[in-house]
Amino acid sequence: VAHDLETFVVQSQLVQAEAMKTFCEMFRSRKFTRFNGLIWWNVRDGWPIASGAIVDYYNSKKLAYSYLWNAQRTVCVLINDPEDGVLPLKAVNDSREPAEGKVKVTDVGSGKVVFKGKFTVGANGLSLVSGLPIPEGQGVLLIEYETGGQKLRNHYLYGEAPFDFTKYRDWMTKAGI
């Protein structure tokens, strides 16, 4: 944890962004189970205060805003925490039309392509695209996907906390996020 205020603010906003993104994706990937559903509150601060809102009183977007923007795309490809010995790569579709596309998952640190293929997901649906091997250590998996004529990106932070702030920023810079 940084001792200067400016770095501490960035670190705390990164933790908030990762936590809120993970929370959102966890519920989206449990669509149609008894463990889904999400209600956002305190999206914007009503007065100048340090809080969990993603937009402050002055209408400035915090880092969590862009992470959540990616996590809440109508069609989103995401990775959840391990299930049955693999990382589940899932496609979620909240539209009324089926969706399909291409996806590539790359380990940012090594540059190794972990998965490359296609996905389909029904209208208002959820599909398992692939089970990925669980990487060792810590790092970021970059998820690049195309659907509906759009090129989109998402990411998955893997490994046990705590994470080294400098390494995290390097991974995210390499990933273009």
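Glu25 and Lys21 form a salt bridge in this predicted model, with their closest N and O atoms 2.9 Å apart. Both residues belong to helix H1, which covers residues 5–28. They are 4 residues apart there, about one turn of the helix. Both Glu25 and Lys21 are buried.

Side chains of opposite charge can pair when their charged atoms come close. A salt bridge is counted when a side-chain nitrogen of Lys or Arg lies within 4 Å of a carboxyl oxygen of Asp or Glu, so the 2.9 Å separation of Glu25 and Lys21 qualifies. By this rule the model has 6 salt bridges.

Another of these joins Glu83 to Lys90, where the closest N and O atoms are 3.5 Å apart. How accessible are the two partners? Glu83 has a relative accessibility of 37% and counts as partly exposed. Lys90 has a relative accessible area of 11% and is buried. The cut-off for buried is under 20%, with partly exposed running from there up to 50%, so Glu83 falls in the partly exposed class and Lys90 in the buried one.

Arg28, Lys31 and Asp94 are linked with one another in a network of salt bridges.

Next comes the sheet. Its 4 strands are arranged in the order E4-E3-E6-E7, the pairing is antiparallel, and the sheet is open. Strand E4 (113–121) and strand E7 (150–158) stand at the edges. Each of these two has a single partner strand, so one side of each is left without a neighbour in the sheet. From one strand to the next, the twist averages 20°.

Within the sheet order, E3 is followed by E6. Strand E3 comprises residues 99–107 and strand E6 residues 139–147, and the two pair in the antiparallel sense over 7 bridges. Which residue of E6 is the bridge partner of Gly101? The partner is Thr147.

A further salt bridge links Arg153 and Glu144, with the closest N and O atoms 3.5 Å apart. Arg153 lies within the residue range of edge strand E7 (150–158), and Glu144 within that of strand E6 (139–147). E6 and E7 follow one another in the sheet order. Arg153 counts as partly exposed at 33% relative accessibility, and Glu144 is also partly exposed, with a relative accessible area of 26%. In the helix H1 pair, by contrast, both Glu25 and Lys21 are buried.

Conventions:
Residues are numbered from 1 along each chain as its sequence is written. This is a predicted model: local features need pLDDT of at least 70, side-chain atom pairs count only at pLDDT 80 or more; totals for chains, interfaces and linings use all residues. Side-chain values use heavy atoms; hydrogens and water are left out. Two strands pair if DSSP finds at least two bridges between them. Axes are lines fitted to C-alpha atoms, for helices over the stretch in contact, and angles run from 0 to 180 degrees between N-to-C directions. Buried means under 20% relative accessible area, exposed over 50%, partly exposed in between (1.4 Å probe, protein chains only).
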